[in-house]
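Work through the exercises below with the sequence and the structure open. Each task is followed by a solution in steps.

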Amino acid sequence: MTRKIALVVNPTSGRGLGARVAPVVQARLESAGLTVDTYQTTCAEDVGRISAEVIGSGADAVALVGGDGTIHLGAQVLAKSGMPFGVIPAGTGNDFARGIGLPLKDPAAAADLIVAGKTRTVDLAVAQGEFITTVVAGGFDSLVNKRANAMTWPKGNSRYTVATLAELRTFKPLEYVVTVDDQVIETRAMLVAVGTGPTYGGGLQICAGAVVDDGLLDITIIQPVSRLKLLQLFPKLSKGTHVGHPMVRALRGRSVRIESPGITAYADGEPLGPLPVDVTIEPGALTVFA
Ligand SMILES: Nc1ncnc2c1ncn2[C@@H]1O[C@H](COP(=O)(O)OP(=O)(O)OP(=O)(O)O)[C@@H](O)[C@H]1O
């Protein structure tokens with residue numbers, strides 16, 4: 001019997017990349033003999049609504065075209081549904097896709113994984129009643145995000161560089177209480193991150209070494225460092241060479257509470273809400289083509 005795939009496209013992801021790659025993916029799936037129903041989302045709510053409709057519609061699988069925001073929205077209804085779920089990376093960050101080892105710049109190759117039909121299950125974090133597909137973090141990076149979001153200039157990623165430099169001028173290490181399972185850690189830190197996968201921010205290995213299906217959360221505490229050291233840390237995060245550095249404390253656990261007054265937590269690149277935040281793990285919650 002012909003497999004039927006629902007292709008849910010966020011055309012705005014990756015500043016329009018989603019719209020451009022969708023026809024390529026549809027053609028690839030159809031040429032492999034699959035039946036494809038394509039749905040273009042018109043707003044954020046459409047991603048969950050359409051994914052939910054598709055689960056009961058007789059489709060064999062869903063494929064989402066988009067970035068981490070789109071995957072986050074889709075995961076809210078696809079998690080624990082058992083519905084196999086394909087990802088065509090089309091965002092600016094694509095950290096979920098990176099974490100499960102998908103081809104990031106080759107939509108046809110990502111489509112081929114759906115054609116091949118091999119699936120695996122991956123863990124999701126849960127925080128504030130939402131499934132989180134990559135990383136929850138709060139600290140220096142929250143303040144940079146907040147500042148960057150309030151800026152109208154410059155456009156694009158350079159806004160984050162400007163915001164980082166501006167925030168560095170006044171930033172002081174924050175007081176945290178981090179509870180990992182039964183272990184309570186009271187510490188000053190630059191930021192605390194909790195992830196099921198290794199990266200956020202488009203490849204920064206904040207939870208380097210996180211394994212997406214080990215049933216555990218990876219916790220990173222960046223200890224207080226000088227402004228210069230913090231600036232030096234960011235390029236290291238891209239390469240993952242910060243691992244083992246004395247300023248980086250790494251732990252693993254099944255539940256985490258992050259507390260720090262006045263700090264907003266971010267999850268999958270979007271604001272999640274003010275700390276404190278409790279994070280738990282839902283092992284094997286998503287079934288993905290990979
Ligand atoms: N038509 C639309 N369909 C779906 N989402 C939309 C739409 N318009 C705006 N959005 C919003 O776009 C956000 C960004 O999408 P997404 O995260 O997939 O792309 P991105 O930001 O380019 O990639 P990344 O998060 O990987 O950096 C979504 O979280 C959603 O809130």
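Helices (H or I, at least four residues) and strands (E, at least two) are DSSP runs, and they are numbered from the N terminus. The model used here is predicted.

**Exercise 1. Cis peptide bonds and an unusual phi**

Task: Find which bonds to P154 and P276 are cis or trans, and place each proline in the chain.

Solution:
- Start with W153 and P154: the peptide bond that joins them is cis, with omega about -10 degrees. P154 sits in the loop between α6 (140-150) and α7 (158-170).
- Go on to L275 and P276, where the peptide bond is also cis and omega is near 10 degrees. P276 belongs to the loop between β15 (270-274) and β16 (277-289).
- Then check the backbone at N94, a residue other than glycine that has a positive phi, near 55 degrees. N94 is in the loop between β4 (85-89) and α4.

**Exercise 2. The shell around the ligand**

Task: State which residues come nearest to the ligand and which helices supply its shell.

Solution:
- There are 21 residues around the ligand, and the nearest are A44, G67, G69, G91 and G93.
- Three helices each give at least two residues to the shell: α1 (13-31), α2 (44-55) and α3 (68-78).
- Sorted by class, the shell holds 15 polar, 4 nonpolar and 2 charged residues.

**Exercise 3. Two helix pairs**

Task: Describe how α2 packs on α3 and how α1 packs on α5.

Solution:
- Two packed helices are described by the angle between their axes and the distance between the axes.
- For α2 and α3, the angle is about 35 degrees and the axes are 8 Å apart. Their crossing is right-handed.
- On the α2 side the contact uses A44, V47, G48, S51, A52 and I55, and on the α3 side T70, L73, G74, Q76, V77 and L78. These residues comprise 7 nonpolar, 5 polar and no charged.
- For α1 and α5 (residues 107-116), the axes come within 9 Å and cross at roughly 40 degrees. This crossing is right-handed too.
- V21, V24, V25, R28 and L29 of α1 meet P107, A108, A111, D112, I114 and V115 of α5. The classes in the contact of α1 with α5 are 9 nonpolar, 2 charged and no polar.

**Exercise 4. The two domains**

Task: Give the bounds of domain 1 and domain 2, and say which elements form the side of domain 1 that touches domain 2.

Solution:
- The domain assignment sets domain 1 at 4-117 and domain 2 at 131-283. Their C-alpha centres are 27 Å apart.
- In the contact between them, 14 residues come from domain 1 and 15 residues from domain 2.
- On the side of domain 1, the elements that give two or more residues are α3 and α4 (95-99). The largest share, 6 residues, is that of α3.
- By class, this side of domain 1 has 5 nonpolar, 6 polar and 3 charged residues.

**Exercise 5. The annotated span**

Task: Report what the UniProt record places at residues 1-131 and describe that span.

Solution:
- The unreviewed UniProt entry gives residues 1-131 as the feature "domain: DAGKc".
- In the model, the end C-alpha atoms of residues 1-131 are 33 Å apart.
- Helix accounts for 44% of this span and strand for 26%.

Definitions and conventions
Residues are numbered from 1 along each chain as its sequence is written. This is a predicted model: local features need pLDDT of at least 70, side-chain atom pairs count only at pLDDT 80 or more; totals for chains, interfaces and linings use all residues. UniProt positions are given in the numbering used here, feature names are shortened, and annotations may be inferred rather than shown by experiment. A residue is near a molecule or strand if its C-beta atom, placed from the backbone, lies within 6 Å of it. Ala, Val, Leu, Ile, Met, Phe, Trp, Tyr, Cys and Pro count as nonpolar, Asp, Glu, Lys and Arg as charged, and the others, Gly among them, as polar. Axes are lines fitted to C-alpha atoms, for helices over the stretch in contact, and angles run from 0 to 180 degrees between N-to-C directions. A crossing is left-handed if the near helix is turned anticlockwise from the far one by less than a right angle, and right-handed if clockwise. Two residues are in contact if their C-beta atoms, placed from the backbone, lie within 7 Å. Domain bounds come from an automatic or database domain assignment.
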